[in-house]
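Me: Please take me through this structure and justify the terms that are applied to it.

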Amino acid sequence: MASLQKQPKRSVLFAARLLTALVSIAGIEGIAWFVGYPNWWAMDPAFGGESVGYECDANLGWRAREGDFKMVWADSPDTSHAFRYTNWSRGRRATSEQEPAPDAPNRPPVLFFGDSYIQGYGLSNPETLPWLVQKHHPELEVSNFGTGLYGTYQSYLSMQQWVRRPSRVYYLFNGFHEDRNAGAPSFLRVMKKPPEACSYPYAQISGGELQGERSHGELVWYLSRRLRSVAMVQDYKLILGSYLRLRDKRKITEMLLVKMRETVHAAGGEFTVILFDLEPEQRRSYRHFLEAQQIAFIDCDRPELQDRSLRLWDGHPNQKMNELLAQWIEPVAAAPLQVISSNKPAAAVKAP
């Protein structure tokens, strides 16, 4: 009769399994490092915390802090690049050397809303689009409500707060605003806990209606900052948690654009969407939607958008791009402001 094969000790089995697990984790780490996954792993460790140029806002989540700042973009390859950053009251960036006095004579107002592209992050005051428009049209009163990381939803909340009289209102729309509007992980993820009074507003559809939501940010786990395998686990957790609402991000954005128009028209103004950085499919879809809804828009579908000499190192427009953009919106900006009703057909305008 054959003798039974001797079983290895439990300690040996445990050590073998532990070694296998460690080798597997090391393999996952190596592959993740090689392919750069997840792409947020090297985020600024201070991202999400307090920032000198911003302050918490109970309605908007955050807004530009009033004051004059000299700032340096820490991630820029040119570490010597600094820019002057002046914010006025009401969360506006400066559009001239002096903020207009409250009792100054009324001029036709032009209001810009959007993200850091409109705000002009990385640029000094005179290099921003709203400043250039004000310089070209001293007969107008131009306000820059653009704010870093805003999407369509926060821009809409800002319009609700500040569009109070007949005004020409521009919203610069980038395709990545869809993710911000629906609270994508890329929008909510933070490396540092934000101040308690700050939040990340986003929207979702409930019962066919838009419903506002708020998050205090999805804090990156301690181990996610050191092990990409753990970061992968957290990445998938956030992706699964946001999947249902992100399915509606296009619809959410479309509903917000309609509400923007309604808000501006209710105050007697004119609303125009500037279609800027979008994927070809997005551009076609939003052109069709805006035309169908009779919402005025300027389509910046031009070769210049692909010219890297017209961008900062990270893709933001530079002064030369803003000078072009000021020309592209000029036919609309120069037209006399007329009070329009919510049912008046709106023109679709393509940048010349």
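Reply: One may begin with a cavity: the second largest cavity has a lining made up of Arg84, Thr86, Trp88, Ala94, Ser96, Glu97, Asn125 and Trp131. This is a predicted model, in which local features need pLDDT of at least 70, side-chain atom pairs count only at pLDDT 80 or more, and totals for chains, interfaces and linings use all residues. Residues are numbered from 1 along each chain as its sequence is written, and side-chain values use heavy atoms, with hydrogens and water left out.

Me: What makes a residue part of the lining of a cavity?

Reply: On a 1 Å grid over the protein atoms alone, a cavity is a set of points where a 1.4 Å probe fits but cannot get out, and a lining residue has an atom within 4 Å of a point. The structure holds two cavities of 30 Å³ or more. Leu60, Arg63, Arg90, Gly91, Phe145, Thr147, Tyr150, Ser158 and Trp162 line the largest cavity.

Me: How much space lies in the largest cavity, and how much in the second largest?

Reply: The largest cavity holds about 50 Å³ of space, and the second largest cavity about 30 Å³. Such a volume is the space filled by probe spheres set on the grid points, which are joined across faces, edges and corners.

Me: Why are Cys56 and Cys198 called a disulfide?

Reply: The term requires a pair of cysteine sulfur atoms within 2.5 Å. The sulfur atoms of Cys56 and Cys198 are 2.0 Å apart, and the pair forms a disulfide. A search of the whole structure finds one disulfide.

Me: Why is the disulfide of Cys56 and Cys198 described as left-handed?

Reply: The torsion about its S-S bond is about -100°, so the disulfide of Cys56 and Cys198 is left-handed. Cys56 lies in strand S1 (residues 54-57) and Cys198 in the loop between strand S8 (189-190) and strand S9 (200-206), so the pair ties together parts that are 142 residues apart in sequence. Strands (E, at least two residues) are DSSP runs, numbered from the N terminus.

Me: How do you know whether Cys56, Cys198 and Cys300 are buried or exposed?

Reply: Buried means under 20% relative accessible area, exposed over 50%, and partly exposed in between, with a 1.4 Å probe and protein chains only. Cys56 has a relative accessible area of 29%, so Cys56 is partly exposed. Cys198, at 11%, is buried, and Cys300, at 0%, also counts as buried. Of the 352 residues of the chain, 48% count as buried.

Terms used
On a 1 Å grid over the protein atoms alone, a cavity is a set of points where a 1.4 Å probe fits but cannot get out, and a pocket is an open set with protein on both sides within 12 Å along at least five of seven lines; lining residues have an atom within 4 Å of a point. Helices (H or I, at least four residues) and strands (E, at least two) are DSSP runs, numbered from the N terminus.
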